[in-house]
Amino acid sequence: MSRDQIEQLVAASHEAKKRSYSRYSKFRVGAALLCQDGTVIKGCNVENASYGLTICAERTAIVKAVSEGYKKFVAIAIASDLSGSIITPCGACRQFMVEFGVDWDVYMTQPDMTYRHMKTGDLLPLCFVPDALEEERISHSA
């Protein structure tokens, strides 16, 4: 990705953050997902009074993309209002991302548009991936 493309994706994640439904935590998060064909899908966190039903911005963007037929991703940028550190994806989001590959880009940002870059697989070492379900298993009788 070019520097300009990265900056546009980071800006889109900050734009997505504005739509966050975070009435309980007041912790706004936005994500911008770059699909292989160049389409950008935005998502935000959506909280729920039953806290366990809250969905993160990263998963919102990926679910939106998949529901529109996209399954190959180049990068995702994530934004929050944290002033002193980058936003990092939670464990569930890391697992959700590696479902679609361990070698695509993650840009974790700060409000000043600075970011840290990592690959999906580096964010979740020794991850459980779809290929694991195809591995040969020992026979087990119940």
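**Close-up 1. The buried residues of helix H1 in the predicted model.** In this predicted model, the residues of H1 that are buried are Ile-6, Leu-9, Val-10, Ala-12, Ser-13, His-14, Ala-16 and Lys-17. In an α-helix there are 3.6 residues to a turn, so residues three or four places apart point the same way. The buried residues of H1 pack against five strands, namely S1 (29-35), S2 (40-44), S3 (73-80), S4 (105-109) and S5 (115-119). Helix H1 itself covers residues 3-17, and because each residue should contribute 1.5 Å, its 15 residues should span 21 Å, which agrees with the 21 Å that separates its end C-alpha atoms.

**Close-up 2. The open sheet and its edge strands.** The sheet is an open one of 5 strands, which follow the order S2-S1-S3-S4-S5 with mixed pairing. Strands S2 and S5 stand at the edges and each has a single partner strand, so that one side of each is left without a neighbour in the sheet. From one strand to the next, the twist averages 20°.

**Close-up 3. The pairing of strands S3 and S4.** Strand S3 pairs with strand S4 in the parallel sense, and the pairing runs over 4 bridges. One residue pair to look for in this view is Ile-76 and Val-106, since Val-106 is the bridge partner of Ile-76 in S4.**Close-up 4. The surroundings of Ser-80.** Ser-80 has its place in strand S3, and because its relative accessibility is 0%, which is under the 20% cut-off, Ser-80 counts as buried. When its neighbours within four places in sequence are left aside, Ser-80 is in contact with His-14, Lys-17, Phe-27, Arg-28, Val-29, Ile-87, Thr-109 and Pro-111. Among these contacts of Ser-80 are His-14 and Lys-17, which also belong to the buried residues of H1. The side chain of Ser-80 also reaches the backbone nitrogen of Leu-82, at 3.1 Å.

**Close-up 5. Asp-112 in the loop between S4 and S5.** Asp-112 is found in the loop between S4 and S5, where Asp-112 is exposed, because its relative accessible area of 53% is over the 50% cut-off. The side chain of Asp-112 makes a polar contact with the side chain of Thr-114, at 2.6 Å. Asp-112 and Leu-82 are 30 residues apart in sequence, and from C-alpha to C-alpha they are 10.0 Å apart in space.

Technical notes:
Residues numbered from 1 in each chain as written. Predicted model: local features only at pLDDT ≥ 70, side-chain atom pairs only at ≥ 80, totals over all residues. Heavy atoms only, no water. Helix = DSSP H or I, 4+ residues; strand = E, 2+ residues; numbered from the N terminus. Expected span 1.5 Å × (residues − 1). Buried < 20%, exposed > 50% of the residue type's maximum accessible area, 1.4 Å probe, protein only. Contact = heavy atoms within 4.5 Å. Pairing = 2+ DSSP bridges. Axes fitted to C-alpha atoms, helices over the stretch in contact; angles between N-to-C directions. Polar contact = N/O pair within 3.5 Å; in protein donor to acceptor, adjacent residues only side chain to side chain.
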